Amino acid sequence: MCFLDTANVYGAGHNERLVGRAIADRRDKVILATKFGLMADDGSLRTSGRPAYVKACCDASLVRLGVECIDLYYQHRVDPDVPIEDTVGAMVELVQAGKVRYLGFSEASVDSLERALATHPIAALQSEWSLWTRDLEDAALPAARRLGIGIVPYSPLGRGFLTGQITSPDDFAPDDFRRSNPRFQGENFQRNLELVAEVRHLAEEKHVTAGQLALAWLLAQGEDIVPIPGTKRRVNLEQIGASCAITLSPDDVQRLEALAPKGAWSGARYANADRAPSGTYGTSRTRS
């Protein structure tokens with residue numbers, strides 16, 4: 001089975017249409033996930049968890065995807081102005097109507113997860129997690145495991161940085177989100193290059209790529225983890241797939257974490273903490 005993840009806000013619906021065309025003749029071979037809850041207006045992002053909006057988004061996504069049911073339906077970001085119980089209630093109605101199979105949240109807090117779970121089972125928490133970003137480990141990860149919620153890490157390759165292929169901010173297109181990301185700027189960029197070089201050296205010792213090693217580290221964290229790296233090239237997709245066959249010993253994991261320890265990476269995740277998207281929402285996106 002293939003696990004595909006998209007959202008209604010990616011490319012203003014274009015990505016859902018693209019995914020829909022790709023799976024049209026193989027729906028039974030795909031676990032399909034999409035999201036609602038973020039709206040892009042004039043370059044800014046707003047959240048909405050209003051029940052009517054939830055239902056309208058689902059119906060629109062079903063049409064764009066060309067399917068009768070979404071396997072996993074996420075709230076992209078929790079709306080602070082709408083009780084999460086109201087949002088989940090609308091999501092439950094979608095399950096009861098046969099339009100959605102399982103429910104999930106992206107970047108939700110522990111409190112939000114607990115309140116949502118009191119209303120209906122929650123299958124997955126999608127949040128940024130990699131050697132590059134380990135904030136999830138502080139509270140959300142142990143809470144999700146305590147609550148029996150699976151983990152779907154996005155940007156498991158540190159937005160491409162952990163591949164070792166990014167050497168300069170000039171590597172990015174003018175509209176690339178990473179150009180404005182603090183971790184890819186100035187002294188932060190140079191310090192982070194030094195850390196990823198250490199990851200690359202260990203990868204070379206094991207005869208794998210830096211990206212494969214980073215993914216293997218994430219997969220070694222538990223059987224409840226399903227990373228969703230993004231790629232635009234088939235060769236990179238093949239390399240990503242090969243990472244599933246890499247087995248790291250406890251010593252390998254400890255050595256890797258010593259080379260690139262938690263908190264060692266320089267720069268904040270976002271220039272604007274309120275924005276916190278899982279990618280960019282125009283024509284250019286980064287999910288790796």
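Two aromatic rings of Phe, Tyr or Trp, the last through its six-membered ring, form a pair if their centres lie within 6.5 Å. In this predicted model, ring pairs join Trp 132, Phe 161, Phe 172, Phe 184, Phe 189 and Trp 265 into a cluster. Arg 183 is placed over the face of Trp 132, 5.0 Å from the ring centre.

The structure holds nine aromatic pairs. One of them is formed by Trp 129 and Trp 217, whose ring centres are 6.2 Å apart; their planes stand at 75 degrees, so the pair is edge-to-face. This pair links distant parts of the chain, the two residues being 88 residues apart. The table gives the setting of each partner.

| Residue | Location | Relative accessible area |
|---|---|---|
| Trp 129 | loop between β7 (124-128) and α5 (140-147) | 0%, buried |
| Trp 217 | helix α7 (residues 210-219) | 0%, buried |

An open sheet of six strands follows the order β1-β2-β5-β6-β7-β8 with parallel pairing. Strands β1 (2-5) and β8 (150-154) stand at the edges with a single partner strand each, so one side of each has no neighbour in the sheet. On average, neighbouring strands of this sheet are turned by 25 degrees against each other, direction ignored.

Four bridges connect β1 with β2 (residues 30-36) in the parallel sense. Leu 4 has Leu 32 in β2 as its bridge partner. Across β1 and β2 lies helix α1 (residues 14-23), which runs at about 165 degrees to β2.

As to confidence, the chain averages a pLDDT of 89, and 93% of the residues score at least 70. Over residues 274-287, however, pLDDT stays under 50. Where pLDDT is low, the predicted coordinates should not be read in detail.

How values were computed
Residues are numbered from 1 along each chain as its sequence is written. This is a predicted model: local features need pLDDT of at least 70, side-chain atom pairs count only at pLDDT 80 or more; totals for chains, interfaces and linings use all residues. Side-chain values use heavy atoms; hydrogens and water are left out. pLDDT is the predictor's confidence in each residue, from 0 to 100. Contact means heavy atoms within 4.5 Å. Rings of Phe, Tyr and Trp (its six-membered ring) pair if their centres lie within 6.5 Å; planes under 30 degrees apart count as stacked, over 60 as edge-to-face and the rest as tilted. Buried means under 20% relative accessible area, exposed over 50%, partly exposed in between (1.4 Å probe, protein chains only). A charge sits over a ring if NZ of Lys or CZ of Arg is within 6 Å of the ring centre and within 35 degrees of the ring normal. Two strands pair if DSSP finds at least two bridges between them. Axes are lines fitted to C-alpha atoms, for helices over the stretch in contact, and angles run from 0 to 180 degrees between N-to-C directions.
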